[in-house]
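Got your viewer open? Let's take a short walk through this model, one selection at a time.

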Amino acid sequence: MEECIINSPLGYTKITGDINGIASVVVLNTEEKTTSIIPKVLENCVLQLNQYFKGLRQQFSVKLNPKGTDFQNKVWNALQTIPHGKTTSYLQLSKQLGDPKAIRAVANANGKNPLWIIIPCHRVIGSDGSLTGYAGGLHRKQWLLNHESPNKQQSLF
C-alpha cells in the first residue's frame, strides 16, 4: 500500500492506495511532513483533491477501494449519490437504503467512511438541519459545506 501526505485547507491529509484503488483519505490532527514525491498510483487522487479545494472539481473519478462490511459499502455507495452542494439527513439516507429504522447503523457506517471528501459523508446532517458528528471535527464539516455551497457568503468589508 502506497501513501502520501499533502497539505490541504483542512490540514495535513494522508492518502493511501494501490493499483486496486484509493483505500483512504484522512485529514490528520497533527502537523506532518508533506510527501515530496507522490507515488504514481496516488497522483490522480492528489490532483483531483487539489482541484476540488480550488473549486475546479465537484465530482471525483478516482478508482476507490475502501475496506468495509457489505452494509458499510452500501452506505458509502449511497453517500456518493448526494450531489455537490446538497445535503441529506441520516433519516433520508436510511429511507433511501430501504430501512428508516436503521438511522443509527447508517450514522455508524457514515462515521467509519475512510474516504473523506471523496465519499462525501460531510453532506449528511441532522433532520433538523443541524451539523451532527463528523470524524474530522464539526469545523471541517462546516468548511466543506461552505466550500460546496452554491451561495457563497460574501464579505461586506
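Before the first stop, one working term: two strands count as paired if DSSP finds at least two bridges between them. Keep in mind, too, that what you're looking at is a predicted model.

Start by selecting residues 2-8, which is β1, and then add residues 11-18, which is β2. Together β1 and β2 make a hairpin, with two residues between them. The two strands run antiparallel, and seven bridges join them.

Now zoom in on the pairing itself. Click Glu3 and look across to β2: which residue is the bridge partner of Glu3? That's Thr16. Next, click Ile5, and you'll find Lys14 of β2 standing opposite. In general, strands of a sheet pair through backbone hydrogen bonds.

Time to bring in residues 21-27, which is β3. You now have an open sheet of three strands in the order β1-β2-β3, with antiparallel pairing. β1 and β3 stand at the edges with a single partner strand each, so one side of each has no neighbour in the sheet. Turn the view and follow the twist, which averages 20° from one strand to the next.

Next, select residues 40-53. This is helix α1, which packs on the sheet and touches β1, β2 and β3. Compare directions: the helix makes about 15° with β1.

Want a wider selection? Take residues 6-65, which an unreviewed UniProt entry annotates as "domain: Methylguanine DNA methyltransferase ribonuclease-like". Over this stretch the chain is 23% helix and 30% strand, and the end C-alpha atoms are 20 Å apart.

Last stop: the largest pocket. Select Gln58, Gln59, Phe60, Gln80 and Ile118, which lie nearest its centre among the 14 lining residues. The pocket's volume is about 220 Å³, and its lining has eight nonpolar, five polar and one charged residues.

Technical notes. Residues are numbered from 1 along each chain as its sequence is written. This is a predicted model: local features need pLDDT of at least 70, side-chain atom pairs count only at pLDDT 80 or more; totals for chains, interfaces and linings use all residues. Side-chain values use heavy atoms; hydrogens and water are left out. Helices (H or I, at least four residues) and strands (E, at least two) are DSSP runs, numbered from the N terminus. Axes are lines fitted to C-alpha atoms, for helices over the stretch in contact, and angles run from 0 to 180 degrees between N-to-C directions. Contact means heavy atoms within 4.5 Å. UniProt positions are given in the numbering used here, feature names are shortened, and annotations may be inferred rather than shown by experiment. On a 1 Å grid over the protein atoms alone, a cavity is a set of points where a 1.4 Å probe fits but cannot get out, and a pocket is an open set with protein on both sides within 12 Å along at least five of seven lines; lining residues have an atom within 4 Å of a point. Grid points are joined across faces, edges and corners, and a volume is the space filled by probe spheres set on the points. Ala, Val, Leu, Ile, Met, Phe, Trp, Tyr, Cys and Pro count as nonpolar, Asp, Glu, Lys and Arg as charged, and the others, Gly among them, as polar.
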